[in-house]
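The following note sets out some points to check while viewing the structure. Each point may be read with the coordinates open alongside.

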Amino acid sequence: MLQQLNKEVLLKRREALEQVIKRRFIYQPAFSLYGGVAGLYDYGPVGCAIKTNIEQYWREHFIIEEDLFEISATILTPEAVLKASGHVDRFTDLLVCDVKLGTGYRADKIVTETLENRIAKEGDKLAADVKARYLAVIKDVDTFKEDKMKEIIAELQIKAPETGNDLTDPTPFNLMLPTIIGPSTKLPAYLRPETAQGMFLNFARLLEQNGGRVPFGAAQIGLGFRNEIAPRGGLLRCREFQMAEIEYFVDPSEKSTFKKFNKYINLEIPLLSRQLQADAKLHQPYKMGDAVKEGIINNETLAYFICRTYLYLVEIGINPINIRFRQHQADEMAHYSSDCWDAEIEMSSGWVECVGLADRSAYDLNAHSTATGQKLQAARKFKVPQPRQVLQIILDKQKIGKELKKDGMSLIKYVEALSDDEKQDLFEYYQNNEEKIFNIDGKDLTLNRQLVKFEKKTMNVMEEKFIPHVIEPAFGIGRILQAIIEHSFNQRDDPQKTFFKFSPRVAPVKCSILSVVQNEEFDVVIQELASSLKKLGISCKTDNAGVALGKKYARTDEIGIPFAITVDKETLTTQSITLREIETTKQVRVPIVDVPRLILELSSGLILWTDVLTKYPLFAAKEEDA
């Protein structure tokens, strides 16, 4: 594992990687001409290509394979939407400031870093009970509320790291970036903190697209914005970041069984369950079928998307031994969630959450239904009538119309369209309350208990209305990209010779086309090869400069081009080229006519380099070609 490397080796490796990232403009801090802005990054040509390929394979792996509906919703989001979703009130981190300079810090991070530094500095001199206390705080600090955080900061004497000054009391800091829509209406809004809300708001349209059937899924790739208190770690904690999210809508009575899960019941995945965390143990491999049977994972639908996420991460180049799925502790989860897991990837900075997978129940659809008065629900249809105990609502429509005038009909339609669960909730509400306020089309309409009657009847029904539950996998593309770059970075025997062993699926360029020496006759072959590859949608980079072939290989290795085609004297007589693989540097001789299809199959994962080695003869470079 990365964290088991010698610290000095790890530091040198990280420094070498940072130099390559900077030199090859993979990604860099934005607005550097103006001094830069923390938490904002520009992707260079290499980084942009990798990011695009990560997203494209995400589309293939999830949207195409799972028959998801991809949408593109707006970034600007009215405040009312995010008020209903809970973001306006609860999307916060705890902020503390240097009492003299006003410098702001994220409270949980400053506590963690201070205690980790003390442990590292004191070493064996630190009393065992003190170290145990520090470790316990580090483990739970991200769950602390204001009062608990204030208590810990005082008890452990946490100070501002740069000055040693005292810190202010922790206060909630909303992470959303506010704005105003329009010059006259001045509608309050925010840059969206996630892409999810656009999919919830389009639920009814998507349900119609799917013929009224559940389950189905929506997907979206796009930018999210969070006004981070202390952005750091490159792409790990940014203020503007690319996300890829899925909202998979399911019948709550059916999410425990998911047909497609059967193909993965024997797949072993490293899980760090709540119990393992409580026992201070490391993650352990579990067969996914067993994890569901033992109640470690709540249901098969959630487990299925954990499996699909694991396979996606492996296929795009994340080392499997550096992946684990950590279950949220009970006090980490939102009250409406039944189970949540994070796909964490181990990097040089530690374990980093890169994908969140949550069973969000019906919270979001309920929240937007309540806020707008629009019913966001589906129907469970039966082939033959089914006897059901039905709670009927009988409204005094005449009095409602008299009291509410034209709004009365809106209220009547809304109440009569309630799902069976909502009718039961309304019945229970009226046991202790005289009136209920419904917000319908932005208006608060009051329904007095005297105008409502409830009757229970057994009826034959052809459908039951319900509010779907949601399984949500949410991917941080920037974090995944940084993990891929770190996991793929390698140094040869000469540490100055670096290369990236990217999965061909995500490599920024699929192959280079090089000449062994500068030669006009080679130019014709190079251009013909490039043209034939581009017609198949294969990106390639050509180089017929008058420098040594070894230097050309080094240039392409440094940006992770997995395959190199070399045109030499023999090409002109035999109509063949050499094909080199980046990690082993082995070369084979391949007829030109085979090259386009061969590169296509290699770059799409249809065949492996080992398959090529068994089909084509090895080529040993001559001294003058090296």
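1. A definition is needed before the sheet and its helix are discussed. Axes are lines fitted to C-alpha atoms, for helices over the stretch in contact, and angles run from 0 to 180 degrees between N-to-C directions. Contact here means heavy atoms within 4.5 Å. Please keep in mind throughout that this is a predicted model.

2. With these terms, the position of helix H12 can be described. Helix H12, residues 300-315, lies across strands E11 (240-250), E12 (268-272), E14 (323-327), E15 (339-347), E16 and E21. The helix runs at about 145° to E16.

3. The strands just named belong to an open sheet of 9 strands with mixed pairing. Their order is E3-E10-E11-E21-E16-E15-E14-E12-E13. Which strands form the edges? They are strand E3 (69-70) and strand E13 (284-287), each of which pairs on one side only. In general, strands of a sheet pair through backbone hydrogen bonds, either parallel or antiparallel.

4. One pairing in this sheet deserves a closer look. Strand E16, residues 350-359, and strand E21, residues 469-476, pair in the antiparallel sense over 5 bridges. Val355 has Phe475 in E21 as its bridge partner. Phe475 is also a member of one aromatic cluster, together with Tyr57, Trp58, Phe62 and Tyr312.

5. How many aromatic pairs does the structure hold? The number is 24. One of them joins Tyr248 and Phe258 in an edge-to-face arrangement, with 5.9 Å centre to centre and 80° between the planes. This pair links distant parts of the chain, since Tyr248 is in strand E11 and Phe258 is in the loop between E11 and E12, 10 residues apart. Tyr248 counts as buried because its relative accessibility is 9%, and Phe258 is likewise buried, with a relative accessible area of 10%.

6. A second edge-to-face pair is formed by Tyr429 and Tyr430, with 5.9 Å centre to centre and 75° between the planes. Are these two residues buried or partly exposed? Tyr429 has 29% relative accessibility and therefore counts as partly exposed. Tyr430 has 2% relative accessibility, so this residue counts as buried. The cut-off behind this reasoning is that buried means under 20% relative accessible area.

7. Two arginine residues should be examined together with aromatic rings. The charged end of Arg492 sits over the ring of Phe499, 4.0 Å from the ring centre. The charged end of Arg589 sits over the ring of Phe619, 5.4 Å from the ring centre.

8. The backbone also merits inspection. Where is Pro215 placed? Pro215 is in the loop between helix H9 (203-209) and strand E10 (216-225). A cis peptide bond joins Val214 to Pro215, with omega at about 15°.

9. Two residues other than glycine have a positive phi, and each may be checked in turn. Asp67 has phi near 55° and lies in the loop between helix H2 (45-64) and E3. Asp67 is exposed, because its relative accessible area is 62%. Lys186 has phi near 45° and is placed in the loop between strand E8 (177-181) and strand E9 (187-191). With a relative accessible area of 53%, Lys186 is exposed.

Note on methods: Residues numbered from 1 in each chain as written. Predicted model: local features only at pLDDT ≥ 70, side-chain atom pairs only at ≥ 80, totals over all residues. Heavy atoms only, no water. Pairing = 2+ DSSP bridges. Helix = DSSP H or I, 4+ residues; strand = E, 2+ residues; numbered from the N terminus. Phe/Tyr/Trp six-rings, centres within 6.5 Å; stacked < 30°, edge-to-face > 60°. Buried < 20%, exposed > 50% of the residue type's maximum accessible area, 1.4 Å probe, protein only. Lys NZ or Arg CZ within 6 Å of the ring centre and 35° of its normal.
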